[in-house]
Amino acid sequence: MLTTFVASPARAPGRVSPGRVGAVINRNVGALRSGPSYWVVLLSGFFEPVLYLLSIGVGVGTLVGDITVGGRSMSYAAFVAPAMLAVSAMTGVLAETTFNFFHKFKYAKTFEAVLATPVRPIEIAVGELVWAVVRGAVYTAAFLVVMVAMGLTTPGGALAAFPASVLVGLAFGAVGMAMSTLMRGWQDFDLMSVGQFALFLFSGTFSPVQDYPLVMEVLIQVTPLYHAVELVRGLCLGVVGLGSLGHAAYLAAMVVGGLWLASRRLTRMLCV
């Protein structure tokens, strides 16, 4: 699909061209249309967090009852649902920027073909990230509809949480791409999966971090998913303060750092 990468050579060398970024996205759209099984993967990314919400948030929640967080009482399902939203944003984007990105980078040699056009490594990185976030945004939008339908957040809370979930996707997507450029083979993804699962369990997803021992609480508070969960949960519940800005700044730093490393690694390894 090299013919889709048409861009103006008059662009300044150091400037990211929206046209070339769009060409990278267009290539992914074409690949999506040619692979009907891809839709099965997309659907699975939506149903996984919904099933966790129904089984743990609702099912276990009937045993737990209401919980108090920060002096505010809420149902266990209302506590878990925003965390599942953040997890959905993370996993949906990581699936695209790790396994799929690595396949195109290491085995399919897709990026080498793309670099035969005016597209540059930073534009590949931005295009792949935007495409991944679009995929993740579909998951989170659908999940927010489920939350509103179940009375776990208000429509206003859902509207506020959606851009936050997009920021979560950008953060984890950028870091996921950077990690993929460091992977030697498929076996290395086992380590990433272990880390991702640990984040899933211990980021304030199923219990308040204040319930853990102090040392573990401090460790959790420096992990990325904790900041994603706290930001999304605060917006869903209407509890916003200076802490929310700190969580957003943490995620924004992940976006910048991940994109910078991913583009540098692509440039070095593809000899551009």
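R120 counts as partly exposed in this predicted model, because its relative accessibility is 21%, while buried means under 20%. Its salt-bridge partner, E123, is buried, with a relative accessible area of 0%. The side chains of R120 and E123 meet with an N to O distance of 3.4 Å. So here a partly exposed residue is paired with a buried one.

This pair has company: the structure holds seven salt bridges. Three of them, including the one you have just met, are set out here.

| Salt bridge | N to O distance |
|---|---|
| E96 and R135 | 2.9 Å |
| E128 and K104 | 2.8 Å |
| E123 and R120 | 3.4 Å |

Let us take the E96 and R135 pair next. Their side chains meet in a salt bridge, and the two residues belong to distant parts of the chain. E96 sits in helix 3, which covers residues 76-107, and R135 sits in helix 5, which covers residues 121-149. They are 39 residues apart. Are these two residues buried or exposed? Both E96 and R135 are buried.

Now for E128 and K104, which also form a salt bridge. E128 lies in helix 5 and K104 in helix 3, so this pair ties together parts that are 24 residues apart in sequence. Both E128 and K104 are buried.

Which residues do salt bridges with shared partners join into one network? They are E96, K104, E128 and R135. If you would like to find them in the structure above, look for E96 in helix 3 and R135 in helix 5, then for K104 in helix 3 and E128 in helix 5.

Methods. Residues numbered from 1 in each chain as written. Predicted model: local features only at pLDDT ≥ 70, side-chain atom pairs only at ≥ 80, totals over all residues. Heavy atoms only, no water. Salt bridge = Lys/Arg side-chain N within 4 Å of Asp/Glu carboxyl O. Helix = DSSP H or I, 4+ residues; strand = E, 2+ residues; numbered from the N terminus. Buried < 20%, exposed > 50% of the residue type's maximum accessible area, 1.4 Å probe, protein only.
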